[in-house]
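Biologist: I am new to this structure, so please take me through it step by step, and say how far each part can be trusted.

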Amino acid sequence: MSDSHEHWLKQIDAELDGEMSLAERALLAKHLAACSHCSGARASQLEVRVALARSAGDPHARVVPRPTIRGRALAFWAVVALVVGVAGGWLAHGRWGGPGGALEDVRAAIVVH
Amino acid sequence: MRRSSSISVSSVFAIVALLWAGQGPGTRVTYRVRVVQDGDLELARGSVSGPAGTDLRFALRDDTAEVEALFQIVPEGDTVLVSGEFFTKRRLGRSRRGLGLWEQDTYRRSVRLAWGDTARVHLFGRPRPGTPPSEGLWVHVVLVRGFSGGEGRPAQELEVLDSTMDIVLEAVVRPRRAHVVMNLVRGDTVSGPRGFDLVPEAPARRVQLAMAGRTTTLEIGLARPEPAKSARDRVLALDADVVCLRIATPEVAQPVGVVCGRLNDVARRLPLPGGDTLVATFAWPAGR
C-alpha cells in the first residue's frame, strides 16, 4: 500500500471520528470520488463502527465511544504497582538473594575452624 | 666401624622421621567427618581411613542440590594441605515442559591446616553477611594420622542421623598392585586358573597358560586407564580402582588387546587370534 493511501486512510479515520474541518472533509470527498480503493475502505470502516456501536448497545451512535482512562486513576495505579514491585524485590532479595547471585557466593568454601 | 654405626643410626632416624611425616608406607590417614546443620543438628557422622594416599569421596544430595567432592591431602611436616575437587548441581527451576533445570559447576578449593585441626567445609558457600553464624549446612573434617599397625586396607563407616538427605562417604584408594587371575577358554575346555600380582605401569612379563596339552605364551602388563571422558568422573576419580590389562603375543609386536575393569572379581573376556578366549578377573591383592 502506498504512502498516499496511508495518508487518506488516516484522513478517513479522522473524518469518522469527527475531527476534521470542513475544508479537509471537502478535500477528502474529492479524493474519494476519484479513488475506489479509499471509498471502499471508508465503507468498510463505517460498517465496522456500526457493528461495534450495536454491540455496545447504541444502534444510533454516530461515533463509537472510546474507552477513557482518567489521568489520576492511571497515575494512582502506576504508583501502586511501582511500590509493590520495589517492596517485593527488596524482600525477595533479602530472603533469597539476587537473581542467581555471584557464583563465588554459592560455591563451597573450606575454612580452618 | 664407628662411622658405619653413626650412618646406620642416622638412617634409622631418617626413616622414623619420614614415617612421622605421614609419607611412609606404615602411616594411616583418617578423615573424621561430621555433617552439621544450623550449628547443632548433626545429620551424619563417620570416618574414612586408609594408607597414605587414601582420598575421601563425599556426596550430599537432596531434591534441590547435589554436592560431590573428592578430598585429597598432601602432608608437609606438621601441616597438611587439604584440597577438595567439587562437582555441584543446583536446581534452578523447571522448564516449560515441566522438567528440572540444573546448574552444574566444577571447581577446586584448598586450605592448609595442622594435623588434628578441623576444616569446616561450607557446602553452599560462606554464610551471608547479616545471617547468624550458626545458620547453614557444613561438613567438619578432622585429619588424623597414625601408624597403620600392619593394616593396609581402607576402611569407612557412616552413620546417617537424618534420612532426608542422601549422604555418602567413601575411601578412594588407587591400587599399587592388582591380583589378576587368567584362564583360557575354547569351547567347553577351560584351562586351570593362574594368578599374578601385577604392578601398574611395570614392564610387561611373559606368562604361559596350558590348555588341553597345548601351551599359550602371552606378554601381559598392567596400566592405568585413560582419563575419564566426563568431568564428573575425572573430578571424583570414579575410575580410581580401574586397571587395564594389556595382552600381547611374543610373535606380534602390536598388543592383541586390552581388558579394563574394576578390582571386583568380575570375569572379562578377550578373544585371542588363535581362537581361544582369555578370561581375566581383577581383584585387590591379598593383605601382606
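**Strands, contacts and confidence**

Biologist: Which residue is the bridge partner of His179(B) in strand 19 of chain B?

Modeller: This is a predicted model, in which local features need a pLDDT of at least 70 and side-chain atom pairs count only at pLDDT 80 or more, while totals for chains, interfaces and linings use all residues. Residues are numbered from 1 along each chain as its sequence is written, with chains lettered from A and ligands numbered from 1 in the order in which they are written. Strand 11 (residues 178–186) and strand 19 (residues 277–283) of chain B pair in the antiparallel sense over 7 bridges, where pairing requires that DSSP finds at least two bridges between the strands. Within strand 19 of chain B, the bridge partner of His179(B) is Ala283(B).

Biologist: Which residue takes a positive phi in the hairpin of strand 18 of chain B and strand 19 of chain B?

Modeller: Strand 18 (residues 268–271) of chain B pairs with strand 19 of chain B in the antiparallel sense over 4 bridges, and Arg268(B) stands opposite Ala280(B) there. The hairpin has 5 residues between the two strands, and the residue with a positive phi, near 105°, is Gly275(B).

Biologist: How many helices and strands does chain B have?

Modeller: Helices are DSSP runs of H or I with at least four residues and strands are runs of E with at least two, both numbered from the N terminus. By that count, chain B has 2 helices and 19 strands.

Biologist: Which strands stand at the edges, each with a single partner strand?

Modeller: An open sheet of 4 strands in chain B has the order 14-15-16-17, with antiparallel pairing. Each edge strand has a single partner, so one side of it is left without a neighbour in the sheet; in chain B these are strand 14 (205–211) and strand 17 (257–262).

Biologist: Which residue is the bridge partner of Gln208(B) in strand 15 of chain B?

Modeller: Strand 14 of chain B and strand 15 (residues 214–223) of chain B pair in the antiparallel sense over 7 bridges. Their hairpin has 2 residues between the strands, with Ala212(B) at a positive phi near 55°. In strand 15 of chain B, Arg206(B) has Glu219(B) as its bridge partner, while the bridge partner of Gln208(B) is Thr217(B).

Biologist: Which residue stands opposite Leu222(B) in strand 16 of chain B?

Modeller: Strand 15 of chain B also pairs with strand 16 (residues 242–248) of chain B, in the antiparallel sense and over 5 bridges. Opposite Leu222(B), in strand 16 of chain B, stands Leu245(B).

Biologist: How many nonpolar, polar and charged residues has the side of chain B that touches chain A?

Modeller: Counting as contacts those residues whose C-beta atoms, placed from the backbone, lie within 7 Å, 20 residues of chain B are in contact with 9 residues of chain A. Strand 5 (79–94), strand 6 (100–114) and strand 7 (118–122) of chain B each supply at least two residues of that side of chain B. Ala, Val, Leu, Ile, Met, Phe, Trp, Tyr, Cys and Pro count as nonpolar, Asp, Glu, Lys and Arg as charged, and the others, Gly among them, as polar. The side of chain B that touches chain A then has 10 nonpolar, 4 polar and 6 charged residues.

Biologist: Which residue does Ala109(A) stand opposite in strand 7 of chain B?

Modeller: Strand 1 (residues 109–112) of chain A and strand 7 of chain B pair in the antiparallel sense over 4 bridges. In strand 7 of chain B, Ala109(A) stands opposite His122(B).

Biologist: Is Asp63(B) buried or exposed?

Modeller: Asp63(B) is found in the loop between strand 3 (55–61) and strand 4 (65–76) of chain B. A residue is buried if 20 or more other C-beta atoms, placed from the backbone, lie within 10 Å of its own, exposed if 12 or fewer, and partly exposed in between. Asp63(B) has 9 other C-beta atoms within 10 Å, and is therefore exposed.

Biologist: Which element of chain B has the lowest mean pLDDT?

Modeller: Chain B averages a pLDDT, the predictor's confidence in each residue from 0 to 100, of 87. The pLDDT stays under 50 over residues 1–7 of chain B, for which the model has 0 contacts beyond four places in sequence. Where pLDDT is low, the predicted coordinates should not be read in detail. Among the elements of chain B, the highest mean pLDDT (96) belongs to strand 3 and the lowest (46) to helix 1 (residues 2–20) of chain B.

Methods: Contact = placed C-beta atoms within 7 Å.
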